[in-house]
Every structure is written in C-alpha cells, then in structure tokens.
Amino acid sequence: MPTPDRPLRSLGFLTIGLFDERRPAEGHEATLRLIELGEQLGFDSAWLRHRHLQYGISSPLTVLAAATQRTRRIALGTAVTPLGWENPLRYAEDLATVDVLSGGRLNPGVSVGVPAHYEDVKDALYPDTADREDFGYGRVERLLGLLRGDTASAFRGVEGIESYSERVQPHVPGLAGRVWYGGGSLRSARWAGQQGLRLLTSNVVKAEQDGERFASIQLGQVQAFRAAHADGERARVSQGLVVIPTDSATPAQRAKYRAYAASRHARTLVPHGPARLLFAPDLVGNAEQLAELLYAHEAFREVDEVAVALPFTFEPEDYTQILTDLATRLGPLLGWKPAVG
C-alpha cells in the first residue's frame, strides 16, 4: 500500500510506439531511445503494447530484443500480448530467446480473448482453423507449461548431425514465474490468482454492476486476485494509469495535455459496449496534485508497483518531459527511489 509511510516500490512506463507508415524506422528508433532514457532515469521497468495491423509496434517482443542490447538493468515487459494472435509453442521459443538476450529481465504480459476485428482478419490469421480455435484460458496454460519445460515433441535424440530436444529451447528456469496476466474483470483476476500469475491492471475495467466507480471496481479485482493467489497479500500487482505530470512542461505542452484528457473524459462516465468497459480518467497536473489524486485512489493504495501509460499520440519531446518529471518529481513524492547500477 503506497502511503507517505509505505513507499511505492516499483515505477515503470508503457508505450505503443507509434510510427509514420512512410518512415517506420524513425518511430521504432524513438521507442528504443525512450527505453534507454527510462533506464538512465532509474525506472524499474519499460513495457510495450501491441498494435496489430496499426501504425504502432506490431511485434513488441522483437523491439524488446533490440532493447536488450541497448540496456543492462531495466526490466522489459509486454503489456500485454493477446495470445489469440500467437501460437503458444512458437511464442514460448521467442520469449525464452529474448529473456536469454536480456540476462533474465523479461516480464511477459499476456491476455486471452478473440482477436480484435476477428471476422475481418481470421482468414489471414487462421485460414484453415478459424472456426475451431480456442481463445480461452487454455492458451495461457499451454504457454506456461511450455515455458516450464513440458514436452513439446515426441521426438528427442540425434538425427544425422542434428540434436533435437523434446522441450522448448532455450529452456529458462523461472521464466514462467515472471508471466503477468492482463485482466480487467473479476473472473480474470481470480483465475490469474489461482494460476499463481502476476496481475497487470490497466485504465480499463469491466463494470459488472451499475453505478460502480472505476477505482472501486479495480480495487475489488486486486483483492479478488490476491484472495485466490497462494502468495496472498504478497502477490504482485502492477497498476497502469495515464498520469501526465506538468512540472517542467511548456505552456503549449500543458494545454495539449489538458485538451487530450478532456477529449477522453466522456468515456469515463458510463460503461461502453456489450463488455461494459469503463475507462479511468487521465490524471494531469503537477507532481503535488498528482500525488494527492493517487493517494485518494482506492486501487492505487492497494499496490506498490505502477507502470504509467504514456498517451498514444504525443511527440518524443513530450515523452521525455513526462518521464523526466515522473522520475524526478512525482516518483519521489510517492516514496519511490530510482534504481541505480
């Protein structure tokens, strides 16, 4: 519980890495530089979101592989990979490979569910099995088993001059224990706890009853997760909200940030769609104002890890200012200390 007496233990950030379709290398390079800056500022973790068939990072794990060679301390995570787009066996190989390259710094975040716009993409994604694919929790269970070393092949041995393993290679003991589940409902929070996973919360939750506030819904999910987890109150939860400090921002930046939050405020008032998704308000202000808002947030008071979500459409110089203020102004007010070494 982060309070003035119990400090925030871990501070991270996450981004989707937007790019111009005509110059994609520039956007990807800007994301890598942002991760490097995060390490220099002492952030504990950097997380990448996926954006399949959009103008954002479609392959976060590939970008994180590059980041492993440009950083040495900061934890690197995916927040989150929707496994409906992945083959668990192949993805387990990729995760293990990137973790080896990082020296054990990878934090895989995953989720389940039918891929977005599935009717439009299913013929390209699963041309022969689209109507038979299972997008439930079993996909995560398969991935976890493969990361732990479950048998992936009935064949093991030497064929000619080539040696074959029956399990995913490289095999990384402990990697399965670093998997996070991105959940936004009570059901998914409980399931993640029962599986012994870590829980990634975000600025979107499922409103299961009328009249509930975002913070109280998220608090209930965190409590349900820990009640189901073998580690109880020690089970790890990371909260992800849009938090925009303005301490060192220019007047133009402050105006842009407030306009951004205002343009998204209506979506925080009522649940949306059949899934009844409710969004958290974006928090904008100086470090003192933000600390007060966060300490008043019921779910924030229940966690000691935060990964601040960077707004989607800002410029690199905006992200530099926001990260710098998070690390040097807001973080210390929450009791957080930058990582060193």
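**Exercise 1. Backbone outliers**

Does Leu53 count as buried or exposed, and at what relative accessibility? Determine also where Leu53 and Arg276 lie.

*Solution.* The structure is a predicted model, in which local features need pLDDT of at least 70, side-chain atom pairs count only at pLDDT 80 or more, and totals for chains, interfaces and linings use all residues. Residues are numbered from 1 along each chain as its sequence is written, and side-chain values use heavy atoms, with hydrogens and water left out.

Step 1. Fix the classes: buried means under 20% relative accessible area, exposed over 50%, and partly exposed in between, with a 1.4 Å probe and protein chains only.

Step 2. Leu53 has 72% relative accessibility and therefore counts as exposed. Its place is in the loop between β2 (45–48) and α2 (60–68); helices (H or I, at least four residues) and strands (E, at least two) are DSSP runs numbered from the N terminus. Phi of Leu53 is near 55 degrees, a positive value in a residue other than glycine.

Step 3. Arg276 likewise has a positive phi, of about 55 degrees, although it is not a glycine. Arg276 lies in the loop between α8 (251–263) and β14 and is partly exposed, because its relative accessible area is 28%.

**Exercise 2. Cis peptide bonds**

Locate the cis peptide bonds that involve Val80 and Pro170.

*Solution.* Step 1. Ala79 and Val80 are joined by a cis peptide bond with omega of about -10 degrees. Val80 sits in the loop between β3 (75–78) and β4 (81–82).

Step 2. From Gln169 to Pro170 the peptide bond is cis, with omega near 0 degrees. Pro170 belongs to the loop between β8 (162–164) and β9.

**Exercise 3. The nonpolar cores**

Identify which residues of the largest nonpolar core touch the most other members, and list the contacts of Phe43.

*Solution.* Step 1. A nonpolar core is a set of buried Ala, Val, Leu, Ile, Met, Phe, Trp, Tyr and Cys residues joined through side-chain atoms within 4.5 Å. In soluble globular proteins, nonpolar side chains tend to be buried together.

Step 2. The largest core has 88 residues, and Phe43, Leu323 and Leu330 touch the most other members. Helix α10 (residues 316–333) supplies the largest share of this core, six residues.

Step 3. Contact means heavy atoms within 4.5 Å. Leaving aside neighbours within four places in sequence, the contacts of Phe43 include Leu11, Arg73, Leu323, Leu326 and Trp336.

**Exercise 4. Strand β16 and the cavity**

Describe the burial and pairing of β16, then characterise the largest cavity.

*Solution.* Step 1. Strand β16 (residues 305–309) is mostly covered, with five of its five residues buried. Glu305, Ala307 and Ala309 are buried on one side, and Val306 and Val308 on the other.

Step 2. Two strands pair if DSSP finds at least two bridges between them. Strand β1 (residues 10–15) pairs with β16 in the parallel sense over five bridges, and Ser10 stands opposite Glu305.

Step 3. On a 1 Å grid over the protein atoms alone, a cavity is a set of points where a 1.4 Å probe fits but cannot get out, whereas a pocket is an open set with protein on both sides within 12 Å along at least five of seven lines; lining residues have an atom within 4 Å of a point. Grid points are joined across faces, edges and corners, and a volume is the space filled by probe spheres set on the points.

Step 4. The largest cavity holds about 90 Å³ of space. Its lining has 13 residues, and Leu11, Leu294, Val306, Val308 and Leu334 lie nearest the centre. Helix α10 gives the most to this lining, with three residues.

**Exercise 5. The largest pocket**

State the volume and the lining composition of the largest pocket.

*Solution.* Step 1. The volume is about 1500 Å³. Of the 49 lining residues, His50, Val80, Ser111, Val204 and Leu277 are the closest to the centre.

Step 2. Strand β11 gives the most to the lining of this pocket, with three residues.

Step 3. The lining divides into 26 nonpolar, 17 polar and six charged residues. Here Ala, Val, Leu, Ile, Met, Phe, Trp, Tyr, Cys and Pro count as nonpolar, Asp, Glu, Lys and Arg as charged, and the others, Gly among them, as polar.
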